[in-house]
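Trainee: Could you take me through one part of this structure in close-up? I'd like to see how a pair of helices sits together, and what one residue there is doing.

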Amino acid sequence: MKGCLLKTFIFTDGEDEALARHTGNVIITNCSAAHSRQALSCKMAVEYDRFIESGRKWFCHVDDDNYVNLRALLRLLASYPHTRDVYIGKPSLDRPIQATERVSENKVLPADGSRLCSLVWALPSRSGGHFMNTAERIRLPDDCTVGYIVEALLGVPLIRSGLFHSHLENLQQVPTSELHEQVTLSYGMFENKRNAVHVKGPFSVEADPSRFRSIHCHLYPDTPWCPRTAIF
């Protein structure tokens, strides 16, 4: 697990001393902090270039409103050979998204960048600004641009996995007994209501509104900061 943490990079728009004290793998993107298509594409381009420079086999992207279960992630990735093109994720919408460049009507591009993993050997060795140019050309955000490049241009189909979850689904339907199998979990609002995994734990909803701390202690009870008297 420590090896996974050393291979985990946090991309942020500006200096964060508190974050830097907890991990040495903080990358300043120098992109705008806005949630615009241009700003999001700028961040993803920095992530992509950093991945290429690292020489690693897998590129996994998750947003900051996601909890990643590393054991489940490793199990999932280990089930696919690293010698062929692989693109794993879960679209948040079940309908196609229109791009200004013609995309096949039965092509569903991921509509939420919260979680995806890819191992695509055909990807260029460096974006060199082309990622942002592509995002502007199809006028879609960063995650959809990844889907467009991998699926529409390179012909690598998305492998849909139900183990990835976003705030755009009802997270209370995820059974507590199956939390250990899930790769990513999220939180937010759904149908104007607070949306988070329903899990009992040592932290109140007020202290842990995302339920991520409680989920972590449920999955990894030996973590030093998890109360030893926790009841799930």
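Mentor: Here is a walk through one helix pair, then one residue in that pair, then a short stop elsewhere for contrast. Keep in mind that this is a predicted model.

First, the setting. The protein has 232 residues, and 44% of them count as buried. Its secondary structure comes to seven helices and nine strands. If you take the contacts between residues at least 6 apart in sequence, 59% of them join residues at least 24 apart.

Now for the pair. Two packed helices are described by the angle between their axes and the distance between the axes. Our two are H3, which covers residues 37–54, and H5, which covers residues 130–138. They pack at an angle of about 150°, and their axes are 9 Å apart. Anything over 145 degrees counts as roughly antiparallel, so that is the label H3 and H5 get relative to each other. The crossing of H3 past H5 is right-handed.

Which residues do the touching? On the H3 side you have Arg37, Gln38, Ser41, Cys42, Met44 and Ala45, and on the H5 side they meet Phe131, Met132, Ala135 and Glu136. Sorted by class, that contact is made of six nonpolar, two polar and two charged residues.

Let's zoom in on Arg37, which is found in H3. Is Arg37 buried or exposed? Its relative accessibility is 19%, and the cut-off for buried is under 20%, so Arg37 counts as buried. Its side chain makes a polar contact with the side chain of Glu136, at 3.2 Å. Leaving aside residues up to four places away in sequence, Arg37 touches Ala135, Glu136, Arg139, Leu140 and Pro141. Of these, Ala135 and Glu136 are among the H5 residues met by H3.

For contrast, hop over to Ile10 in strand E1, which runs over residues 10–12. Ile10 has 31% relative accessibility, so it counts as partly exposed. Again leaving aside residues up to four places away, Ile10 touches Leu19, Thr23, Asn25, Val26 and Ile27. Take Ile27 from that list: Ile10 and Ile27 are 17 residues apart in sequence, yet C-alpha to C-alpha they are 6.1 Å apart in space.

So if you want a view to start from, centre it on the side chains of Arg37 and Glu136, with their 3.2 Å polar contact, and then look along the roughly antiparallel pair H3 and H5.

Key. Residues numbered from 1 in each chain as written. Predicted model: local features only at pLDDT ≥ 70, side-chain atom pairs only at ≥ 80, totals over all residues. Heavy atoms only, no water. Axes fitted to C-alpha atoms, helices over the stretch in contact; angles between N-to-C directions. Helix = DSSP H or I, 4+ residues; strand = E, 2+ residues; numbered from the N terminus. Parallel < 35°, antiparallel > 145°, perpendicular 65-115°, else oblique. Left-handed = near helix turned anticlockwise from the far one by under 90°. Contact = heavy atoms within 4.5 Å. Nonpolar A, V, L, I, M, F, W, Y, C, P; charged D, E, K, R; others polar. Buried < 20%, exposed > 50% of the residue type's maximum accessible area, 1.4 Å probe, protein only. Polar contact = N/O pair within 3.5 Å; in protein donor to acceptor, adjacent residues only side chain to side chain.
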